[in-house]
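Please open the structure in a viewer and keep the selection panel at hand. The tour below proceeds stop by stop.

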There are 4 protein chains.
Amino acid sequence: MIRVAVVGGSGYTGLELLRILAVHREVEVTMITSREYAGKPISLVHPNLRGIYNMNFSDFSLDKVGDRADTVFLALPHTVSLNYVPKLLEMGLQVVDLSADFRLKNPELYKVWYDIEHPYPDLLKKAVYGLPELHFEELKGAKLIASPGCNATATILALAPIVASGITSDLRFVSDVKVSSSEGGAKPHEGSHHPERENAIRPYEATGHRHAAEAEQELSRLAGKEVKVSIVPHAVSSVRGALASAHVWTDIPLKEMDVWKRVAEFYRGRKFIRIIRGNVHPYPDPKYVIGSNFADVGFAVETRVNRLTMFAAIDNLMKGAAGQAVQSFNISNGLSEDEGLRLPPLRPA
Amino acid sequence: MIRVAVVGGSGYTGLELLRILAVHREVEVTMITSREYAGKPISLVHPNLRGIYNMNFSDFSLDKVGDRADTVFLALPHTVSLNYVPKLLEMGLQVVDLSADFRLKNPELYKVWYDIEHPYPDLLKKAVYGLPELHFEELKGAKLIASPGCNATATILALAPIVASGITSDLRFVSDVKVSSSEGGAKPHEGSHHPERENAIRPYEATGHRHAAEAEQELSRLAGKEVKVSIVPHAVSSVRGALASAHVWTDIPLKEMDVWKRVAEFYRGRKFIRIIRGNVHPYPDPKYVIGSNFADVGFAVETRVNRLTMFAAIDNLMKGAAGQAVQSFNISNGLSEDEGLRLPPLRPA
Amino acid sequence: MIRVAVVGGSGYTGLELLRILAVHREVEVTMITSREYAGKPISLVHPNLRGIYNMNFSDFSLDKVGDRADTVFLALPHTVSLNYVPKLLEMGLQVVDLSADFRLKNPELYKVWYDIEHPYPDLLKKAVYGLPELHFEELKGAKLIASPGCNATATILALAPIVASGITSDLRFVSDVKVSSSEGGAKPHEGSHHPERENAIRPYEATGHRHAAEAEQELSRLAGKEVKVSIVPHAVSSVRGALASAHVWTDIPLKEMDVWKRVAEFYRGRKFIRIIRGNVHPYPDPKYVIGSNFADVGFAVETRVNRLTMFAAIDNLMKGAAGQAVQSFNISNGLSEDEGLRLPPLRPA
Amino acid sequence: MIRVAVVGGSGYTGLELLRILAVHREVEVTMITSREYAGKPISLVHPNLRGIYNMNFSDFSLDKVGDRADTVFLALPHTVSLNYVPKLLEMGLQVVDLSADFRLKNPELYKVWYDIEHPYPDLLKKAVYGLPELHFEELKGAKLIASPGCNATATILALAPIVASGITSDLRFVSDVKVSSSEGGAKPHEGSHHPERENAIRPYEATGHRHAAEAEQELSRLAGKEVKVSIVPHAVSSVRGALASAHVWTDIPLKEMDVWKRVAEFYRGRKFIRIIRGNVHPYPDPKYVIGSNFADVGFAVETRVNRLTMFAAIDNLMKGAAGQAVQSFNISNGLSEDEGLRLPPLRPA
């Protein structure tokens, strides 16, 4: 049994980690921290977990974590992880960080996108970007995993087979993402007020969305040249799920079968990728991955105008956050990739 | 491994059985039938199950089922199960019937409520009403399990501790139930059309709802005298979840603690009942049981008018249908009551 | 043209007043106040009103209001109106108060239900309870209108024909109300956070809901004896609309036609009441009054158990708040009762 | 008073016409036809209109329409209008056709996009494309108005200022549209079943969406050269509203103010266009136009990658269908452009 601490257990990614780890058979959750709720029962904040975790939130302390855990999942706001990661690694713990703090390889990009001088450029080199479909081998034995952002995950999974296969020379993409309200986190704010948020179709951060930095990093690496991605998120009414529609202009009219082949080849053997085609449900819809770690990938080819749209549908809290983090954790520890992640998507939901 | 057939696998209760059984460790699903989709892949009808069940729907035939299965789950429309159950039992199979066909003990009631002459009154005696919180012991070794209706389950679980404890002499109740759209099944109809169904708060079957018959049967048994229950369902906008608000007039102003004690005593040791009280989340809300087999039970006491409301919140497809059926199946086969049913509720969802 | 001020224009009832008054042909809105947003454009807070009200919010001051308005609509939190109403009346203005401050005739009840000593018991006598279906004649020329609460409106309209007709001797009722998220007002809070609020079926204030006080006052008056009403609200997922299901135990099995007659007689000639019966849409659903001032009233009679349920469906911001306030205002000023209120319900919505 | 017939009154665009015309002061609705419901009361099909239209649906007949109406609104499925329009015009009636049958100027395009040989190429020349923001002058006195499609309306309004101003040389666009369930019409189908449709984020007709034909026609005309538009619609959970996000690659990094100026100039004086900018609500959201005829137009400029996204938010049944049809009707008859269309958007909704 691997002893696990969840640091930042009161938010939605922390909660989702707890939900998964409750049925993970190789893991014992020994500690759940929350600054705000330390000393309070888990079920006070997470009524769904009543009767499942009969423990209280703890305050975070490096010593206690060091004593009680082998692996630490950090579900903390951006820049907060920076304070803990180096010490946790020194103490010999494995760290799975769900924030953006170690996702980018180039420290310069932290200035551009996050407005910080990154204090540990060396750790950036060591960190493995926790997208198993692209970094499976590197994840084995990884000590520091930087788990990807949700919109980045959907965007990368949609475009990776395209840029990797060189099927188009135009490497400038718009990823028009539709996201659910749980992406905004557990803290209420003006925009999350139900009467205002429900029935919205609302663009936000429509310029310079930060997940573009990771998407460009990963896709450029795959392409072997510079890829530019604009991520344009839109808030829609559902609670869970995100769909990336990545629009591609192609040099020549593509054949559907060609696209399908490239995608199928690229994802061959990847357990959580499902390639969607067919008449009844021709395109991915996040509705059909809810509660699971699947990413459904599909596409539409409009030869009339040399346009290809690549779609990727995920549950933003699963493949977009906690599920993917556990998947990477499993791989890094030599466990079955899908341990704790086997329950099929909930439908209808 | 118990070999299991799911008969009627294209509807929502069939689907939910498949979702649960996919992670059930003592069961192998050997056959999934559907008259309409025989020969077609499961994922054509259930896109969420793509990559999980790599088999096709079969046509139903008694012989084939007899060869391949030890237990048969029947997820069929009312009166259809009647045709198969006697033969399946004769062939030595265990039957878990999710229809209403064997729920009522008194054959006369089938005339009154279902407008049929019940052809197998003897089997009604043998059938065990599959509500484990009331029939745990009888379920052990049961060969024919009649799994309860969703609105009946919520109503009974809300009122059982009250009628069993004799805390009130007025045994006439209104159970005002709020239900989600998945209760209506997988077939589209006028009332399920999204633009009409979304944002509805719509009473339906507001007189003579059939689940009242089972609720009265079970509650009268517990009370030792005749109980009358009116179930008044209201369709609301969510996709999953049902809440019963059962309104009780009491003889004298009750104390909260008294009610709490009766409920806690009544449900002591019952794995899937959670009693809800407290300041932050004072009453049950089906939102916090979604995807799980929990029934959250709570109450409100208004001493000013001698009124007590008992609440029970369930996921209508889980504790209200497939989850409860698997729970009963587990008990009847000497398995752990929660095998296949351990994943915590999905939240937020 | 009557010059009108809307005091408290940044909340949802204020907004709804503005929406109606924008098309009211006998009214000129001369002032819209908001402490928080004074000096800011209306459209900053109300993006839907962009291009419709090209004015800014003002600070409230008695002098300015006195100069600019003939009628003042007060859309303020409870107890705040108390500070202004007496002076506004002295200055000769008409006041339509949408708070609870002048709804109850008996000052003692303010202690019991609102925990305040009411400072103006005399004004309570003068105030007219602004439910036109019950107080049409008194509203003519009224100088102080106390506009009813939303859940009270639905409960009273559902039960009024029953208590008035003496069709039952049991005058103790539960009004099980289902309400939309806009009832909670425009300020975000934990419970209104979209991921938590969406898909909820959540009882709240399940004991001692304050609207019961007005409902009991009005229904007792109609009955000529004491009526007891328990209002049990449940938050459901829609944004607009409320349904009261008021459960009645009858002495004898009633005939549908008898109930229908009493209801029809009681509401004869009332412009905004629609009595719902029939096969396709047999019961009221707030979905079909959205955006309008209608109250749809219907019923279900279950003779088997001597139970009658009375339903009333309203748009909580229209007939439940701003629409009804304008309706009363129209009557009090001798205008057509439906001026500004003629647009049919929005459907589908 | 202009006498008006609504042909095809049982669908959602027919219903929306009826809702608007009920408060239109220059119009008398003399006839509402429906093949399916002829002889049945309007309120049977449209429960929201109970008490508003106290008439029955009629069967359609050219003679009767000729006797009773001056203007005919045709809310019929595509290709059905073709049968009636020539005769109605001959009889001297004005026709406002909400189908696609007369939207395209080039008869060849009907083969390509609708797979029909258009029988009345001459009428195509006479028909005015009923988008008043582009064809105001032509609409005056128009006898045949071809009212635009909803996704075309949003796409054209988003892109028109861009192509008209020559601000970019790349005239190939993807319009990624998010649409509500009412776009699918009033007939239930598999995809509209609430449990499947709610919470969907579902691409459909992702190649060759027909509205692209009208969008290309109108935008090419404005640009003076060939414009290519791919419309990619996505079904999201709301009931009303559509947002077009039209993605534009620009030659050089644009300045926000430049874009704003072009948009403002282009739409100067257009009553139903609101240009959205600012900090609180920086982009259009269909939520804030619900129930109204407004189109909110906005934009995002990402200079980093020379990308511009143009947004247009409409209520698909109003500016996207019935509202726009009445707007064109008003202009054509010399009435105030906003007669019947003055009620502000409903919010929250």
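Begin with the internal voids of this predicted model: a search of the whole structure returns eleven cavities of 30 Å³ or more. The largest cavity has a volume of about 180 Å³. Select Asn199(A), Asn199(B), Ala349(C), Ile290(D) and Ala349(D), which lie nearest the centre of the largest cavity among its 13 lining residues. Sorted by class, this lining comprises six nonpolar, three polar and four charged residues.

Move next to the second largest cavity, which holds about 150 Å³ of space. From chain A, select Ser238(A), Val239(A), Arg240(A), Ile290(A) and Ala349(A); from chain B, add Val239(B), Arg240(B), Ile290(B), Leu346(B) and Ala349(B); then complete the lining with Asn199(C) and Asn199(D). Here the classes are seven nonpolar, three polar and two charged residues.

Now display chains A and C together. How large a turn lays chain C on chain A? A turn of 180°, with a shift of 0.0 Å along the axis, superposes chain C on chain A with an RMSD of 0.0 Å; this is therefore the relation of a two-fold axis. To locate the axis from chain C, select His194(C), whose C-alpha is the nearest to it in that chain, at 2.2 Å. Of the interface residues of chain C, 100% are also interface residues in chain A, so the copies meet through the same surface.

Finally, select residues 3–142 of chain A, where an unreviewed UniProt entry places the feature "domain: Semialdehyde dehydrogenase NAD-binding". Over this range the chain is 35% helix and 16% strand, and the end C-alpha atoms are 17 Å apart.

Methods: Residues are numbered from 1 along each chain as its sequence is written. Chains are lettered from A and ligands numbered from 1 in the order in which they are written. This is a predicted model: local features need pLDDT of at least 70, side-chain atom pairs count only at pLDDT 80 or more; totals for chains, interfaces and linings use all residues. Side-chain values use heavy atoms; hydrogens and water are left out. On a 1 Å grid over the protein atoms alone, a cavity is a set of points where a 1.4 Å probe fits but cannot get out, and a pocket is an open set with protein on both sides within 12 Å along at least five of seven lines; lining residues have an atom within 4 Å of a point. Grid points are joined across faces, edges and corners, and a volume is the space filled by probe spheres set on the points. Ala, Val, Leu, Ile, Met, Phe, Trp, Tyr, Cys and Pro count as nonpolar, Asp, Glu, Lys and Arg as charged, and the others, Gly among them, as polar. UniProt positions are given in the numbering used here, feature names are shortened, and annotations may be inferred rather than shown by experiment. Helices (H or I, at least four residues) and strands (E, at least two) are DSSP runs, numbered from the N terminus. Copies are superposed by least squares on the C-alpha atoms of residues with pLDDT of at least 70 in both. Contact means heavy atoms within 4.5 Å.
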